[in-house]
Amino acid sequence: MRSRSVIRRRRTVKRKRQRKRAYSVDIFLCTVAMRSEGEDGEIADMMCCVSCGTADVDNIIKLKDHNVLDGSAACQKHTSQQERDCESSRSRAAEIHDDILFRQPESSHLGECPICLLPLSLDTKHAMMQSCCSKLICIGCYCASIRFEVVKVIKKRSCPFCRQPEPKSAAEIEHYKMKRRKSNDPVAIQEAGKRCYHDGDYERAFEYFSKAIDIEAGDAEAEAHYCLSFMYRDGKGIGRDTQKRVYHLEEAAIGGHTKARHDLGVHEVYQGRLERAARHFIISANLGHDASLKALRELLAAGEVGREDFVTAFRAHQAAVNATKSRQRAEAIAIGAMQIVDKSRSFSVEANSK
């Protein structure tokens, strides 16, 4: 007849084995390693529990045959609780990220014209970047300033915003831009990055875009994130990385960048997540992005978007487009804004020669 102690011991060993098998499946834990000096002077590694700090080797579950970080370990008492905590933390972090990502921005990353305070059009041809102050002026205010200064009053060209005299040569334009970069103007920095990118200097372009992001200045930061996204997409100067590309697209979309938001929607379509894609297209269309509205129309035809959602996005799109219109802008477009700009430049050259 077997003694009770032998039976109890076998039952204990059996329960320990069952616990080890149960707790050692798909565990992902942080690693805490204790280093102690052995008798021979060599440094020996000893694992301890990440929760209670115990260093009892017999009570540690060593994860050697699983796809986890090297050396991850936890005692049997805390492994299950950490699994639940990590899972809930990951799900909660994903919810918070989606709440921020799918929040409707008040305006696009371009913002408003600093003179007329109307929203800037998403069409970059309808605005002028000033090298002296790095301000984006709408074409209506720019042309009105030209007519006011050249024809009626001072007969001399200056910046519509800061009233800095218009640069007379390419050297002066570059001098203005360098001054803005030295003052850590994020717009001037990311514009320098674009110029380096088009010139084929991808390393310097990456440095400029990264610096503009570090300054954290709203519209310039969103544009710099978007520029880095297509650098990671094309792999020019840096290796291709889809994960980093999506990260920069998301950061740009959070900042109100409509093209980045549209690209995220296209990415979700390729991934088969049509519901998330539709949410991206709706947000971008609400800011006046034409391509996103067209994509929504295609999803509506495929039955992936409700008609009410499409009608709401269509009306918001029209309201955003109408908000960028004004009498001065319409006149500038009607008479040919670029012709006015060319005439003002030729006038400046003639005045300087006199």
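User: How are helix H4 and helix H5 placed against each other, by angle and by distance?

Analyst: In this predicted model, helix H4, residues 170-182, packs against helix H5, residues 186-198, at an angle of about 125 degrees, and their axes lie 8 Å apart.

User: Why is H4 called oblique to H5?

Analyst: Angles of 65 to 115 degrees count as roughly perpendicular and those over 145 as roughly antiparallel; the angle here is about 125 degrees, and that makes H4 oblique to H5.

User: Which residues of H4 and H5 meet, and how do they divide into nonpolar, polar and charged?

Analyst: From H4 come Glu174, Lys177, Arg180 and Arg181, which meet Ala188, Ile189, Ala192 and Arg195 of H5. The residues of this contact divide into three nonpolar, no polar and five charged.

User: How do you know that the reach of H4 is close to what is expected?

Analyst: With 13 residues, H4 reaches 18 Å from its first C-alpha to its last, and the expected value at 1.5 Å a residue is 18 Å.

User: What makes the phi of asparagine 184 worth stating, and where is this residue found?

Analyst: Asparagine 184 has a positive phi of about 60 degrees although it is not a glycine, and it is found in the loop between H4 and H5.

User: Why is serine 134 called buried or exposed, and what about asparagine 184?

Analyst: Buried means under 20% relative accessible area, so serine 134, at 9%, counts as buried. Asparagine 184 has 40% and is therefore partly exposed, since exposed means over 50%. Serine 134 lies in the loop between strand E5 and strand E6, and its phi, near 60 degrees, is also positive.

Conventions
Residues are numbered from 1 along each chain as its sequence is written. This is a predicted model: local features need pLDDT of at least 70, side-chain atom pairs count only at pLDDT 80 or more; totals for chains, interfaces and linings use all residues. Side-chain values use heavy atoms; hydrogens and water are left out. Axes are lines fitted to C-alpha atoms, for helices over the stretch in contact, and angles run from 0 to 180 degrees between N-to-C directions. Helices (H or I, at least four residues) and strands (E, at least two) are DSSP runs, numbered from the N terminus. Angles under 35 degrees count as roughly parallel, over 145 as roughly antiparallel, 65 to 115 as roughly perpendicular and the rest as oblique. Contact means heavy atoms within 4.5 Å. Ala, Val, Leu, Ile, Met, Phe, Trp, Tyr, Cys and Pro count as nonpolar, Asp, Glu, Lys and Arg as charged, and the others, Gly among them, as polar. The expected span of a helix is 1.5 Å times one less than its number of residues. Buried means under 20% relative accessible area, exposed over 50%, partly exposed in between (1.4 Å probe, protein chains only).
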